[in-house]
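Please open the structure in your viewer and keep the selection tool at hand. The tour below moves from one selection to the next and says what is found at each stop.

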Amino acid sequence: MDILRRNHVTVTGNPDGPAVVLAHGFGCDQNMWRLTVPALADVHRVVLFDYVGCGRSDLSAFREDRYASLDGYAQDVVEIAEALDLRDATFVGHSVSAMAGVLAARRAPERFGALVMVAPSPRYIDDEGYRGGFTAADIDELLDSLDSNYLGWSAAMAPMIMGNPERPELGEELTRSFCATDPDMARVFARTTFLSDSRDDLKSVSVPTLVLECTQDMIAPREVGAYVHRRIPGSTLVTLDATGHCPHLSAPEATNRAITGFLTGLR
């Protein structure tokens, strides 16, 4: 199989620069990084892709048994890195992709030398001594609503996830992205996302790591950012002057400054 075609991989920027892989979250595609790419392209080789089932990926490659766990998405990442022969790349993952990056870096440590986690969450459901932001009943209701009316769920949830109600065009863009995703594949990705528990995987991280959180985020509240930071020794936590769950769209300047500053420190 042509991995690069399967995941609609695009490579831009400085071909001789250190590699940065940008990974989108649930219901999105690589276009969500369009405001970040220009900040990286002069210095870095920038790799973008769509997870199978998203964007312009090869939908015929989707298998529910593979993508019903984060391991399947992490395997996409590893196979892309192998196909491009990446070495010591920095993986930038938004939302659930941050955890896929943790798994990919553990599986192929020679391929990934640093992590940037944008609004990450290792578990969305509250647990004893842990606040993920949702009760189990909340998630059950969310998934039931998604199953019964995906387009309606997308129209209602996307603006809430994006935040920034004073800028409705942002929520409208996320709604369009959600609605462009195949509903059956989106249901699998949603369950994988919202039912995952990757807390134990954080202790495996041994590479330089930047954790970016927003001041207000209904999907990944600040308690989650603090938790991820505590569980990854030596990580750096930055609270962006941003609200909502997609700061690379709502506050690209602040997000890009944090990412480029981190990358400069790696050189």
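What follows is a walk through some aromatic rings, salt bridges and other places in this structure, which is a predicted model.

**Aromatic rings**

Begin by selecting F49 and Y51, which form an edge-to-face aromatic pair with 4.9 Å from centre to centre and 85° between the planes. F49 counts as buried because its relative accessibility is 1%, and Y51 is likewise buried, with a relative accessible area of 1%. Keep Y51 selected and add F189, since these two form an edge-to-face pair as well, at 6.1 Å centre to centre and with 75° between the planes. Y51 sits in the loop between strand 3 (45-48) and helix 3 (64-67), whereas F189 belongs to helix 9 (residues 183-194), so this pair ties together parts that are 138 residues apart in sequence. F189, too, counts as buried, at 3% relative accessibility. Now widen the selection to the aromatic cluster that includes F49, Y51 and F189, and that also has Y124, W153 and F178 among its members. By the pairing rule, the count comes to 15 aromatic pairs.

**Salt bridges**

Which residues form a salt bridge with D85? Select D85 together with R87, and you will find the closest N and O atoms of this salt bridge 3.3 Å apart; then add R111, which forms a salt bridge with D85 with the closest N and O atoms 2.8 Å apart. R111 lies in the loop between helix 5 (96-107) and strand 5, and D85 in the loop between helix 4 (70-84) and strand 4 (89-94), so the pair ties together parts that are 26 residues apart in sequence. The two partners are not covered to an equal degree, for R111 is buried at a relative accessible area of 9%, while D85 counts as partly exposed at 45%.

Next, select D197 and R123, whose side chains meet in a salt bridge (3.1 Å, N to O). Because D197 lies in the loop between helix 9 and strand 6 and R123 in the loop between strand 5 and helix 6, this pair ties together parts that are 74 residues apart in sequence. D197 is partly exposed, with a relative accessible area of 38%, and R123 is buried, at 17%.

**Two last stops**

Select D126, D138, D140, E141 and D144, which form a negative surface patch. Finally, go to A220, in the loop between strand 6 (209-216) and helix 10 (222-231), and add H245: their C-alpha atoms are separated by 7.2 Å, although the residues are 25 apart along the chain.

How values were computed. Residues numbered from 1 in each chain as written. Predicted model: local features only at pLDDT ≥ 70, side-chain atom pairs only at ≥ 80, totals over all residues. Heavy atoms only, no water. Patch = residues over 30% accessible without salt bridge, like charges linked within 9 Å, V, L, I, M, F, W, Y side chains within 5 Å. Areas by Shrake-Rupley, 256 points an atom, 1.4 Å probe, with all protein chains shown as cover. Salt bridge = Lys/Arg side-chain N within 4 Å of Asp/Glu carboxyl O. Lys, Arg positive; Asp, Glu negative; His and termini not counted. Charge placed at Lys NZ, Arg CZ, Asp CG, Glu CD. Phe/Tyr/Trp six-rings, centres within 6.5 Å; stacked < 30°, edge-to-face > 60°. Buried < 20%, exposed > 50% of the residue type's maximum accessible area, 1.4 Å probe, protein only. Helix = DSSP H or I, 4+ residues; strand = E, 2+ residues; numbered from the N terminus.
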